[in-house]
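Below is a short note on the ligand site, for use alongside the coordinates. Please read each point against the structure.

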Amino acid sequence: MIRELTHYIGGKPVAGTSGQFGPVYDPSAGQEQARVPLASRAEVADAVAAAAAAQPAWARLNPQRRARVLARFIELVRAEKDSLARLLASEHGKTIPDAHGDIERGLDVMEFATGIPHLLKGEYSDAVGTGIDVYSMRQPLGVVAGITPFNFPAMIPLWKAGPALACGNAFVLKPSERDPSVPLRLAELFEEAGLPPGVFSVVNGDKIAVDALLTDPRIQAVGFVGSSDIAQYVYATAAAHGKRAQCFGGAKNHLVIMPDADLDQAVEALVGAGYGSAGERCMAISVAVPVGEATADALVERLAERVRALRIGPSFDEATEVGPLVSAAAVARVRDYIRSGVDEGARLVVDGHENPLAGTEHGHGFYLGASLFDRVTPAMRIYREEIFGPVVSVVRAADYEEALQLPSQHEYGNGVAIFTRDGSIARDFTHRVNTGMVGVNVPIPVPIAYHTFGGWKRSGFGDLNQHGPDSIRFYTKTKTVTSRWPDVSVREQASFVIPTMK
Ligand code: NAD
């Protein structure tokens, strides 16, 4: 039976009224399992109105009491993590342990956000003039919106909502229409944790819902994560409507392997970071850059062996290392890239374009084998564009300098990694490479919650990163007060020049 999902507005599930629905699939089975309502502008306006009504009282609550609501929410999520992870995997296709990781990395940021009484402290300068003190405080923006992608349906909504709510904002989430059930459940858990109705809402939908949020004058800020063209569109449209925006986009993450690297470690890192979650991670490694022909030959040989042995299967099967892709369209898109790589002359060392489960009971799932290309060049489409699937391209570099320039000159600049035992090379690389996040012998350098996450170039539009101290800056505005109390011993006359520190 196909379930019918809802929105979550003003503290309760609300049925869609637009008459428009989108399918939600179970990628492991390749079957539609639910229908998600696609909101009209009027339904989005209802969610924004509920948020605007609830926000002032939430902002007035002292920060410690707001933090306590978040702390209770964290406990509730942890208490039902197993069922949440199964729900997440059933709509996304990632394995159950990986779905646990999705939820845990989201909770990391919620935990960071419970430190809000400390994080919100302002600045104070005593006696900057006779009897004059200056202080600044951080105030919430009001109602803010989050627009999130399919590939981390728990983590990314929580990365945005945690700091936003802690700072005293109300939050309207427009999650991906491909896996909306976990965000809907999170909304119920917020409510159970004591969040006042309307402070966190979920409106499901597509471009119509997004445009309604981007043009609503009551929305003060928009946090977006998704593909780069949409990120740029959201950034420009939000800015044109006077909103603050931070929009994170696609990626092409390189992993450089120096001749002195521990090759076994590099191969294991590449297999996990390249093919984990079927390559559907913005921090997935999609390009391996071995330095020197000998390193390249050894790497490709060992990697190919490991890639051929990957266990591909349903997300709920404990033996599965790599689950299905999110949709049939994603499978078709990745197959098209594999064909284009072959047409443009790359060497397809491991060909994963077939469904490895074809003919079995799971044969209708959205499965692809893992693919490995060697002798890829920067001119090829499979190098220039984000594939977002289980495909790794090997680009051979003659020397360190060439390896450094590849990620630095790529139009994306999310993450990058270098594997080496040489500290001076690692230091030079971390300082000079032109990307936002760098790993040294770490393949997926997603920063911990109390640092910030953000890519450069076409991987990120806006000037503040996600989570960490930047998230507090993004979700608050600074007010600065210059104050003097009447002092009977001082009698001043009107001055017609700008005050200076004489
Ligand atoms: P997507 O761009 O298709 O969708 C993201 C969001 O935008 C969804 O909520 C979707 O409903 C909405 N959207 C889609 N088309 C739209 C349009 N024309 N106008 C307005 N809104 C629209 O991305 P996706 O396929 O869900 O996610 C995968 C992408 O996200 C990849 O490119 C991946 O690299 C990127 N991503 C980036 C990060 C990061 O931090 N940089 C993290 C995760 C994912």
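The points below deal with the ligand and its surroundings in this predicted model.

1. Location. Domain 1 (3-249 + 459-481) and domain 2 (253-440) both contribute residues to the shell around the ligand, so the ligand lies between them. The space that the ligand takes up is the largest pocket.

2. The shell. There are 27 residues around the ligand, and those that come nearest are Thr148, Lys174, Glu177, Ser227 and Glu386. By class, the shell consists of 13 nonpolar, 9 polar and 5 charged residues. Among the secondary-structure elements, α8 (207-215) supplies at least two shell residues, as does β11 (219-225).

3. Side-chain polar contacts. Two of the nearest residues deserve a closer look here. In Glu386, a side-chain N or O atom is 2.6 Å from an oxygen atom of the ligand. For Lys174, the distance from a polar side-chain atom to a ligand oxygen is 2.7 Å.

4. Backbone contact. Phe150 takes part through its main chain: one of its polar backbone atoms is 3.0 Å from an oxygen atom of the ligand.

5. Burial. How much of the ligand's area does the protein bury? On its own the ligand exposes 850 Å², and 88% of that is buried by the protein.

Key:
Residues are numbered from 1 along each chain as its sequence is written. This is a predicted model: local features need pLDDT of at least 70, side-chain atom pairs count only at pLDDT 80 or more; totals for chains, interfaces and linings use all residues. Side-chain values use heavy atoms; hydrogens and water are left out. A residue is near a molecule or strand if one of its heavy atoms lies within 4 Å of it. A polar contact is a pair of N or O atoms within 3.5 Å; within protein, one must be able to donate a hydrogen and the other to accept it, and residues adjacent in sequence count only if both atoms are side-chain atoms. Accessible areas come from the Shrake-Rupley method with a 1.4 Å probe; for residues, only the protein chains shown count as cover. On a 1 Å grid over the protein atoms alone, a cavity is a set of points where a 1.4 Å probe fits but cannot get out, and a pocket is an open set with protein on both sides within 12 Å along at least five of seven lines; lining residues have an atom within 4 Å of a point. A molecule sits in a cavity or pocket if more than half of its atoms lie within 2 Å of its grid points. Helices (H or I, at least four residues) and strands (E, at least two) are DSSP runs, numbered from the N terminus. Ala, Val, Leu, Ile, Met, Phe, Trp, Tyr, Cys and Pro count as nonpolar, Asp, Glu, Lys and Arg as charged, and the others, Gly among them, as polar. Domain bounds come from an automatic or database domain assignment.
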